[in-house]
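Work through these exercises with the model open. Each task is followed by a stepwise solution.

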Amino acid sequence: MLDTIEISSDLKLRLTQIESMVGNTPLISITRLHQNPRVKIFAKVEWEQLGGSVKSRPAFSIIKTAIENGYLDEDRHLLDATSGNTGIAYAAIGAELGVPITICLPENASQERKELLWEYGANIFFTSRFESTDGAQAKARELKSTYPDKYFYADQYNNEANWKAHFNNTAFEIFQQTDMKITHFVAGLGTTGTFVGTGRRLKQLNPNIQLIALHPDTALHGLEGWKHLETARVPGIYDNKLADQDLLVDTLEAYEMIKLAKQKENLLLSPSSAANLAGAVKVVEQIEAGVIVTILPDNADKYKEVTEQIWNSR
């Protein structure tokens with residue numbers, strides 16, 4: 001157990017000041033990707049917040065909780081494993097607060113992600129590309145064990161503050177932005193925090209809302225941030241009884257959606273955002289009427305090599 005730290009009033013003030021920079025993202029209508037006039041698709045544009053992705057929500061929640069509990073300050077490093085976006089969110093928030101950030105990251109993360117982490121001043125330990133985030137988690141646990149007083153290990157895959165960020169905020173935003181008319185919530189699984197937290201609260205608000213969990217169809221997929229739960233380490237925060245339906249999304253389907261979203265909706269999406277949108281379109285094909293909401297975790301900025309190849313392909 002970490003020794004607690006007396007937190008300065010200055011750090012508490014900075015924490016309060018940046019809270020308004022996280023969340024409260026716009027909900028946009030997707031109108032040109034399906035033909036059923038009785039079904040509406042809406043998507044949360046999550047890159048429009050500090051840190052540039054949906055991961056800013058859990059990152060801020062984890063940091064805030066750690067500071068309030070006396071586990072993190074300007075001297076003790078926040079340590080975690082990530083495929084990139086949570087690390088970038090930690091680093092962006094840490095830069096604002098003056099809190100040092102150490103990230104364990106698979107070496108095959110995109111160059112754009114690595115450069116952003118360095119720009120924000122994060123310390124990076126690279127891990128094997130063949131072990132995905134499971135290898136990064138193992139490295140983080142090793143560092144924590146070796147230097148127990150240096151690090152607060154955030155452990156986003158098992159940290160309750162992850163899903164609670166969405167339980168306390170994202171779900172309410174969606175419910176209000178759809179005028180309480182949402183019928184289906186569709187999201188892919190990575191740490192699973194977005195799906196679990198948002199889904200739990202939406203079910204409280206309206207038990208009839210259907211929760212559809214999206215999974216990559218194979219362990220060797222190209223959807224950075226998603227987990228193939230049958231073969232990967234299952235996050236401790238995951239609730240496998242929550243989803244009303246599980247759907248598979250093929251990487252090639254997501255790549256095709258990257259192209260379609262640009263052509264028809266003028267959206268420049270990451271592979272994971274495109275996969276969520278592809279999943280939402282699949283749900284349209286199953287229902288006669290409804291209001292579907294999905295999440296666009298981030299845009300194409302951190303995936304330029306992949307997305308430009310897709311946009312330029314025939």
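Contact here means heavy atoms within 4.5 Å. The model is predicted.

**Exercise 1. Find what the buried residues of α2 pack against.**

Solution.
- Step 1. Locate the helix: α2 covers residues 56-68.
- Step 2. Pick out its buried residues, those under 20% relative accessible area. They are S56, R57, P58, A59, F60, S61, I62, I63, A66 and I67.
- Step 3. List the partners. The helices are α1 (9-19), α3 (85-97) and α6 (160-177). The strands are β2 (39-45), β3 (77-81) and β6 (151-153).
- Step 4. Conclude. Ten of the 13 residues of α2 are buried, so the rest of the structure largely encloses this helix.

**Exercise 2. Test the lengths of α2 and α9 against the expected rise.**

Solution.
- Step 1. Take 1.5 Å times one less than the number of residues.
- Step 2. For α2, with 13 residues, this gives 18 Å. The end C-alpha atoms of α2 are 18 Å apart, which agrees.
- Step 3. Helix α9 (residues 271-284) has 14 residues, for which 20 Å is expected. From first C-alpha to last, α9 reaches 20 Å.
- Step 4. Add the cover. In α9, 13 of the 14 residues are buried.

**Exercise 3. Decide whether E46 is buried or exposed, and name its contacts.**

Solution.
- Step 1. Place the residue: E46 lies in the loop between β2 and α2.
- Step 2. Read its relative accessibility. The value is 0%, so E46 counts as buried.
- Step 3. Leave out residues up to four places away in sequence; E46 then touches T25, G52, S53, V54, R57, I295, L296 and P297.
- Step 4. Link back to Exercise 1. R57, one of these contacts, is also among the buried residues of α2.

**Exercise 4. Classify E160 by its accessibility and state its C-alpha separation from G23.**

Solution.
- Step 1. E160 sits in helix α6.
- Step 2. Its relative accessibility is 41%, so E160 counts as partly exposed.
- Step 3. Along the chain, E160 and G23 are 137 residues apart. Their C-alpha atoms are separated by 18 Å.

**Exercise 5. Compile the positive phi values of G70, M180 and N266, with their settings.**

Solution.
- Step 1. G70 follows α2, and its phi is near 80°.
- Step 2. M180 is not a glycine, yet its phi is about 65°. M180 belongs to the loop between α6 and β7 (184-188). With a relative accessible area of 55%, M180 is exposed.
- Step 3. N266 is likewise a residue other than glycine, with phi near 60°. Its loop runs between α8 (251-265) and α9. N266 is exposed, at a relative accessible area of 63%.

**Exercise 6. Check the radius of gyration of the protein against the globule rule, then describe the whole fold.**

Solution.
- Step 1. A compact globule of 314 residues would have a radius of gyration near 20 Å. The protein has 19 Å, which agrees.
- Step 2. Along the principal axes, the C-alpha trace spans about 55 × 40 × 35 Å.
- Step 3. Count the elements: ten helices and ten strands.
- Step 4. Assess burial and contacts. Buried residues make up 58% of the 314. Of contacts between residues at least 6 apart in sequence, 74% join residues at least 24 apart.
- Step 5. Turn to the surface. The accessible area is about 13,800 Å², and 46% of it belongs to carbon and sulfur atoms.
- Step 6. Finish with charge. There are 32 positive and 40 negative charges, and their mean positions are 4 Å apart.

Notes. Residues are numbered from 1 along each chain as its sequence is written. This is a predicted model: local features need pLDDT of at least 70, side-chain atom pairs count only at pLDDT 80 or more; totals for chains, interfaces and linings use all residues. Side-chain values use heavy atoms; hydrogens and water are left out. Helices (H or I, at least four residues) and strands (E, at least two) are DSSP runs, numbered from the N terminus. The radius of gyration is taken over C-alpha atoms; the globule rule is 2.2 Å times the number of residues to the power 0.38. Buried means under 20% relative accessible area, exposed over 50%, partly exposed in between (1.4 Å probe, protein chains only). Accessible areas come from the Shrake-Rupley method with a 1.4 Å probe; for residues, only the protein chains shown count as cover. Lys and Arg count as positive and Asp and Glu as negative; His and the chain ends are not counted. The place of a charge is taken as NZ of Lys, CZ of Arg, CG of Asp or CD of Glu.
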